[in-house]
Amino acid sequence: MHNQKKDLRDTRGSILIVAIIFATIAAIAVGSYIRLAGTEMRLANHQFYGNASLNLAEAGIEEALYAINLSSLADEDWENTGIAGTLGKYTNSIDLGRGATGSFRVHVVGAASDAPMIVSEGDVRSGANGRSVRQVEVLLFQRSLFGNGILANNIKLHGNSEIRSINLDGEVSDGAKIAGASIEEGSIDLGNAEIYGTVTTRGWELTTKKNTYVSGEITDDFNSDLPEVKLPEYEFGHEYDGKSGTLAGEGGETIYYSASEIDLDGDLTIE
């Protein structure tokens, strides 16, 4: 009887040790999981606020581009930075929610030059999650508004058109460029045209038809506003009858006229 009680105590002791070992392993596993979850949460927050600071930096770039395109850097609260030829703009205390605030600082270096540089910094402060800063640099250069062979708000091609590029020497190549400045989807209709070159829209996906052919890239990153066209102040000596291919002034000098719409039917060519 005495030996049976001793064996029972030994068994209970062994079970207690095994339970302690399993409890220790479980505690370590749970602790590791909590630590891993905390690390993932911090990384997710860091990524989230990092993206927010990048968005703010890009907002600064947009502010500068807007002012440069309108030639209004002097009218848009831009300040001298103390660096020659450099203007700056600062926006603070942007409420991003969840206790985070943001700001951006943007400088236009060489504001009066033909190739200014924009440097923008987005800054997000999120309390316990610390601070996230991103910087973006953009170098600008001037180009012709009509760097594309065909540029308009609305482009409609009818029939089996063929569009190629031709240089001043009369050499034909596959370098044609078509661009649509409208943000309205469907403002470019290529019909059954064969385009030997590239086509770009302003932020929307181009829909092609069965027989539409584009040899180059189709992109959606065009971004330019067409300025209002001012017609020449000229009094015509006669009314244009719509039949003659050439219109001349009273003294034989060259004059210009506009057409709200050009409709090419058959095998017509514009040179």
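Helices and strands here are DSSP runs, numbered from the N terminus, with at least four residues for a helix and at least two for a strand. Counted that way, this predicted model holds 1 helix and 16 strands. Of the 271 residues in the protein, 25% are buried. The protein exposes about 19800 Å², and carbon and sulfur atoms supply 52% of that area. As for how the chain meets itself, take the contacts between residues at least 6 apart in sequence: 39% of them join residues at least 24 apart.

Now for the inside. In soluble globular proteins, nonpolar side chains tend to be buried together. The largest nonpolar core in this model has 18 residues, and those with the most contacts inside it are Ala64, Leu73, Trp78, Val106, Val108, Ile118 and Val124. Three elements give two or more residues to this core: helix 1 (2-69), strand 3 (100-109) and strand 4 (117-125). Helix 1 gives the most, with 7 residues. Another core, of 13 residues, lies apart from this one, and Ile163, Ala193, Trp204 and Leu206 are among its members.

Val124 makes a handy entry point to the largest core. Setting aside neighbours within four places in sequence, Val124 touches Tyr49, Ala52, Ser53 and Leu56, among others. Its contacts also include Leu96, Ala100, Thr101 and Gly102, along with Gly130, Arg131 and Ser132. Leu96, one of these partners, is found in strand 2. Leu96 counts as partly exposed because its relative accessibility is 34%, and that class runs between the 20% and 50% cut-offs. Beyond its neighbours within four places in sequence, Leu96 is in contact with Ala52, Leu56, Thr101, Gly102 and Val124. Ala52 and Leu56 thus turn up as partners of Leu96 and also as partners of Val124. Leu96 and Ser126 are 30 residues apart in sequence, yet their C-alpha atoms are 9.1 Å apart in space.

Strand 2 (residues 86-97) also holds Ser93. Most residues other than glycine have a negative phi. Ser93, however, has a positive phi, near 55°. Ser93 is also exposed, since its relative accessible area is 69%, and anything over 50% earns that label.

Next comes the loop between strand 14 (197-200) and strand 15 (213-214), where Thr201 lies. Glu205 has its place in that loop too. Which of the two is buried, and which is exposed? Thr201 counts as buried because its relative accessibility is 1%, whereas Glu205 is exposed, with a relative accessible area of 66%. Apart from neighbours within four places in sequence, Thr201 is in contact with Gly180, Ile188 and Leu206, and with Thr219, Asp220, Asp221 and Phe222. Leu206, one of these contacts, belongs to the core of 13 residues. Glu205, for its part, is 19 residues from Gly186 in sequence, and the two are 8.7 Å apart in space, C-alpha to C-alpha.

Finally, the empty space. Rolling a probe the size of a water molecule over the atoms shows where empty space is left. The second largest pocket has a volume of about 1100 Å³. It is lined by 27 residues, and the closest to its centre are Leu65, Ile68, Asn69, Asn223 and Ser224. By type, the lining divides into 13 nonpolar, 8 polar and 6 charged residues. Leu65, Ile68 and Asn69 fall within helix 1, which spans 2-69.

Methods
Residues are numbered from 1 along each chain as its sequence is written. This is a predicted model: local features need pLDDT of at least 70, side-chain atom pairs count only at pLDDT 80 or more; totals for chains, interfaces and linings use all residues. Side-chain values use heavy atoms; hydrogens and water are left out. Buried means under 20% relative accessible area, exposed over 50%, partly exposed in between (1.4 Å probe, protein chains only). Contact means heavy atoms within 4.5 Å. Accessible areas come from the Shrake-Rupley method with a 1.4 Å probe; for residues, only the protein chains shown count as cover. On a 1 Å grid over the protein atoms alone, a cavity is a set of points where a 1.4 Å probe fits but cannot get out, and a pocket is an open set with protein on both sides within 12 Å along at least five of seven lines; lining residues have an atom within 4 Å of a point. Grid points are joined across faces, edges and corners, and a volume is the space filled by probe spheres set on the points. Ala, Val, Leu, Ile, Met, Phe, Trp, Tyr, Cys and Pro count as nonpolar, Asp, Glu, Lys and Arg as charged, and the others, Gly among them, as polar. A nonpolar core is a set of buried Ala, Val, Leu, Ile, Met, Phe, Trp, Tyr and Cys residues joined through side-chain atoms within 4.5 Å.
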